Amino acid sequence: MILDMFDLSGKVAVVTGSDTGLGQGISKAFVEAGAKVLGVSRSASTATQEMLGAENFSYLTADLSTLDPVETIINTAVEKYGKLDILVNNAGIIKRQDSIEFSVDNWDLVINVNLRTLFFLSQAAAKQFVKQNSGGKIISVASMLSYQGGIRVPSYTASKSAVKGLTMTLANEWAKYGINVNAIAPGYMATNNTQALREDADRSAAILERIPAGRWGTPDDLMGAAVFLASKASDYVNGFTLAVDGGWLGR
């Protein structure tokens with residue numbers, strides 16, 4: 001049956017940025033599809049665990065602005081659940097400042113979390129997949145700014161443009177191991193990262209005017225795409241960034 005291809009029963013996933021927003025929604029989707037999830041975030045994902053139950057979701061606190069937690073994340077998932085099948089690189093930060101004044105600290109922090117750690121965590125997951133001889137799924141969260149320039153967010157735009165490109169190059173190299181590497185580009189979502197935009201009446205109105213769906217997205221809007229890319233249903237999808245944007249890019 002076709003719906004069986006979307007079943008994640010017996011799968012083990014790591015989801016970064018699992019304490020709120022999109023990461024929490026993706027964790028929920030995976031658990032509802034049958035997977036066990038290790039969430040990783042700087043703040044304890046207690047609310048997500050309460051929502052999903054400790055038998056289905058556990059969490060690890062980690063500072064993803066450094067590479068120090070990478071090995072621990074993979075090892076913890078394997079030690080707790082016996083293997084790893086899915087990695088979701090969702091954790092990300094944004095810093096807003098005029099580009100002409102943009103600081104080195106704002107540049108380095110965003111690039112470290114959104115790109116540097118993303119790459120090396122993907123590399124560690126791929127090594128685990130190869131060790132298991134099991135194949136696997138890597139899903140990174142890109143952005144509308146993987147396609148566009150944005151305003152006052154140079155490091156974020158650079159990182160998310162790189163995520164789209166990196167998704168393609170890793171897919172090229174790792175498909176031979178049965179590893180699918182893809183990305184999701186959310187549209188304008190009602191999350192912590194967009195709070196400043198939503199509170200700016202003029203910017204919010206301009207954004208909503210361009211979205212054919214006529215609303216900000218929610219974490220629930222990503223659930224189907226995430227399960228698809230994590231499941232057997234996407235076994236022949238490699239290196240693609242799937243926009244979930246209410247039609248923003250079509251305008």
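**Exercise 1. Which residue stands opposite Val-14 in strand 4?** Work out how strand 4 is placed among its partner strands.

Solution, step by step. Keep in mind that this is a predicted model.

- Step 1: Look across from Val-14, and you meet Leu-87 of strand 4.
- Step 2: Now take the strands as wholes. Strand 1 and strand 4 run in the parallel sense, paired over 3 bridges.
- Step 3: Turn to strand 5, residues 136-141, which pairs with strand 4 over 4 bridges, also in the parallel sense. Here Asn-89 has Ser-140 of strand 5 as its bridge partner.
- Step 4: Add the helix. Together with helix 4 (residues 104-132), strands 4 and 5 make a β-α-β unit that is right-handed.

**Exercise 2. Are the residues on the two faces of strand 4 buried or exposed?** Sort them by side.

Solution, step by step.

- Step 1: Find the strand, which spans residues 86-89.
- Step 2: Put Ile-86 and Val-88 on one side, and Leu-87 and Asn-89 on the other.
- Step 3: Check each against the cut-off for buried, which is under 20% relative accessible area. All four are buried, so both faces of the strand are covered.

**Exercise 3. Which residues make a nonpolar surface patch of about 310 Å²?** Then classify Leu-3.

Solution, step by step.

- Step 1: The patch is the work of Ile-2, Leu-3 and Met-5.
- Step 2: Locate Leu-3: you will find this residue in the segment before strand 1 (12-16).
- Step 3: Leu-3 has 66% relative accessibility, and because exposed means over 50%, Leu-3 counts as exposed.

**Exercise 4. How many aromatic pairs does the structure hold?** Describe two of them, and find a cluster.

Solution, step by step.

- Step 1: The count is 4 aromatic pairs.
- Step 2: Phe-6 and Phe-228 form a tilted pair, with 6.4 Å centre to centre and 35° between the planes.
- Step 3: Ask where these rings sit. Phe-6 belongs to the segment before strand 1 and Phe-228 to helix 8 (residues 223-230), so their pair ties together parts 222 residues apart in sequence.
- Step 4: Check their exposure. Phe-6, at 29% relative accessibility, is partly exposed, and Phe-228 is partly exposed with a relative accessible area of 25%.
- Step 5: Now try Phe-119 and Phe-120, an edge-to-face pair with 4.8 Å centre to centre and 80° between the planes. Phe-119 is partly exposed at 23%, and Phe-120 is partly exposed at 31%.
- Step 6: Finish with the cluster, where ring pairs link Tyr-188, Trp-216 and Trp-248.

Methods: Residues numbered from 1 in each chain as written. Predicted model: local features only at pLDDT ≥ 70, side-chain atom pairs only at ≥ 80, totals over all residues. Heavy atoms only, no water. Patch = residues over 30% accessible without salt bridge, like charges linked within 9 Å, V, L, I, M, F, W, Y side chains within 5 Å. Areas by Shrake-Rupley, 256 points an atom, 1.4 Å probe, with all protein chains shown as cover. Salt bridge = Lys/Arg side-chain N within 4 Å of Asp/Glu carboxyl O. Buried < 20%, exposed > 50% of the residue type's maximum accessible area, 1.4 Å probe, protein only. Pairing = 2+ DSSP bridges. Right-handed = clockwise from strand over helix to strand, strands pointing away. Phe/Tyr/Trp six-rings, centres within 6.5 Å; stacked < 30°, edge-to-face > 60°.
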